[in-house]
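Student: Could you take me through one part of this model in close detail? I would like to follow a charged pair and see what it connects to.

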Amino acid sequence: MNRRNLLKAFTGLCFPLYQPASAAETHWDYKGDDPQHWSELSAEYQSCSAGVSQSPINLDHGIKASLPQLEIDYGDNFTSVENNGHTVLVTAGKGNQLVVDGERYNLVQCHFHHPSEHLLKGARFPLECHFVHRLPDDEIAVIGVLMKEGRRNDVFEQILRLAPKTPGKMAEIPGGHLAIKNLLPATFHYIRYSGSLTTPPCSEAVNWMVLIEPVEISAEQIARFAALYPDNARPIQPLHHRPILED
Ligand SMILES: [Zn+2]
């Protein structure tokens with residue numbers, strides 16, 4: 001095999017990593033094949049209607065609790081910004097971790113919803129960022145960060161500039177560095193409950209931690225995200241007597 005073919009073979013091996021996340025899944029959407037009908041689209045999406053601990057919810061009437069401190073240990077190793085047809089998604093490299101309950105989770109990706117999916121005491125925010133973490137056994141923990149209108153956020157600006165306009169496209173992050181920490185608020189007080197993925201397959205047993213302090217982004221930044229995704233928030237789901245614990 002000459003060098004050119006060798007390179008080709010190698011690139012071919014790597015190619016699946018660069019497929020849009022939505023390539024293999026049954027199509028779903030927020031309009032048309034909308035959230036009310038997700039469970040009808042695929043047998044794998046049954047939890048979307050049959051589940052009893054679904055997300056998002058209205059975070060209200062929380063029980064005061066002394067929750068374990070969140071140790072958010074994010075570096076700046078991030079590889080790409082993707083428009084996957086459902087959201088703008090930033091893929092994390094190695095070395096971005098969350099430590100909670102004595103477990104060390106790896107950050108896999110973060111992405112955005114407009115408007116916010118969770119309500120905080122009945123209030124909806126312009127955007128919400130989800131930081132999705134996994135343990136090696138596939139247990140999922142998500143940190144939700146509510147975003148309100150205020151000052152421009154520089155990291156969000158970098159993400160918006162890189163985000164492809166066309167669904168299914170991906171842009172590499174120059175140098176592989178992104179100071180994602182600047183998308184976190186100053187304090188990490190949070191509300192915790194047991195929920196699900198807010199997109200198909202709506203898998204349950206997701207450990208949700210939504211930070212109480214929002215971060216600011218500008219009105220112009222909100223408008224630019226809304227131009228890509230005017231509404232990619234799943235409606236509020238029934239609580240079914242789940243406890244909501246508040247720091
Ligand atoms: Zn999300």
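**A charged pair and its surroundings**

Tutor: Let's begin with E157 and R152, whose side chains meet in a salt bridge with an N to O distance of 3.7 Å. Keep in mind that this is a predicted model. The two partners sit in contrasting surroundings: E157 is buried, at a relative accessible area of 4%, whereas R152 is partly exposed, at 45%. E157 also forms a salt bridge with R224, and here the closest N and O atoms are 3.0 Å apart. That pair links distant parts of the chain, since E157 belongs to helix α4 (residues 154–162) and R224 to helix α5 (residues 219–228), 67 residues apart. R224 counts as partly exposed, with 27% relative accessibility. Follow the shared partners and you find one network of salt bridges made up of R152, D154, E157, R161, E220 and R224. As a general point, side chains of opposite charge can pair when their charged atoms come close.

The structure holds 8 salt bridges. One that is worth a look joins the side chains of D138 and R134, at 3.5 Å from N to O; R134 is partly exposed, with a relative accessible area of 33%.

Now for the nonpolar side of the picture. The largest nonpolar core has 42 residues, and F112, F131 and I159 touch the most other members. Setting aside neighbours within four places in sequence, F112 is in contact with residues including F156, I159 and F225. Its other contacts include V88, L127, C129, M147 and L183, along with T87, E128 and N232. A second, separate core of 14 residues includes I57, I140, L146 and V210. In general, nonpolar side chains tend to be buried together in soluble globular proteins.

On to the metal. H111 and H113 each coordinate the zinc ion through NE2, and H130 does so through ND1, at 2.0 to 2.1 Å. Along the sequence these donors follow the spacing H-x1-H-x16-H. H113 lies in strand β7 (residues 103–113) and H130 in strand β9 (residues 127–134), so this pair ties together parts 17 residues apart in sequence. Both strands contribute a buried donor: H113 has a relative accessible area of 2%, and H130 has 1%.

A few backbone details are good to check as well. Most residues other than glycine have a negative phi, and most peptide bonds are trans. Against that background, the peptide bond joining S55 and P56 is cis, with omega about 5°, and P56 lies in the loop between α3 (47–50) and β1 (58–59). A cis bond also runs from P200 to P201, with omega near 10°; P201 is in the loop between β12 (190–196) and β13 (204–211). C202 is found in the loop between β12 and β13, and this residue has a positive phi of about 60° although it is not a glycine. A205, in strand β13, has a positive phi too, near 65°. Their accessibilities contrast: C202 is buried at 0%, while A205 is exposed at 58%.

Finally, the wider frame: an unreviewed UniProt entry annotates residues 26–247 as "domain: Alpha-carbonic anhydrase". Over those residues the chain is 12% helix and 35% strand, with the end C-alpha atoms 38 Å apart.

Terms used: Residues are numbered from 1 along each chain as its sequence is written. This is a predicted model: local features need pLDDT of at least 70, side-chain atom pairs count only at pLDDT 80 or more; totals for chains, interfaces and linings use all residues. Side-chain values use heavy atoms; hydrogens and water are left out. Donors are N, O and S atoms within 2.8 Å of the metal (3.2 Å for Na, K and Ca); water is not among the atoms, so sites may look incomplete. Helices (H or I, at least four residues) and strands (E, at least two) are DSSP runs, numbered from the N terminus. Buried means under 20% relative accessible area, exposed over 50%, partly exposed in between (1.4 Å probe, protein chains only). A nonpolar core is a set of buried Ala, Val, Leu, Ile, Met, Phe, Trp, Tyr and Cys residues joined through side-chain atoms within 4.5 Å. Contact means heavy atoms within 4.5 Å. UniProt positions are given in the numbering used here, feature names are shortened, and annotations may be inferred rather than shown by experiment. A salt bridge is a side-chain nitrogen of Lys or Arg within 4 Å of a carboxyl oxygen of Asp or Glu.
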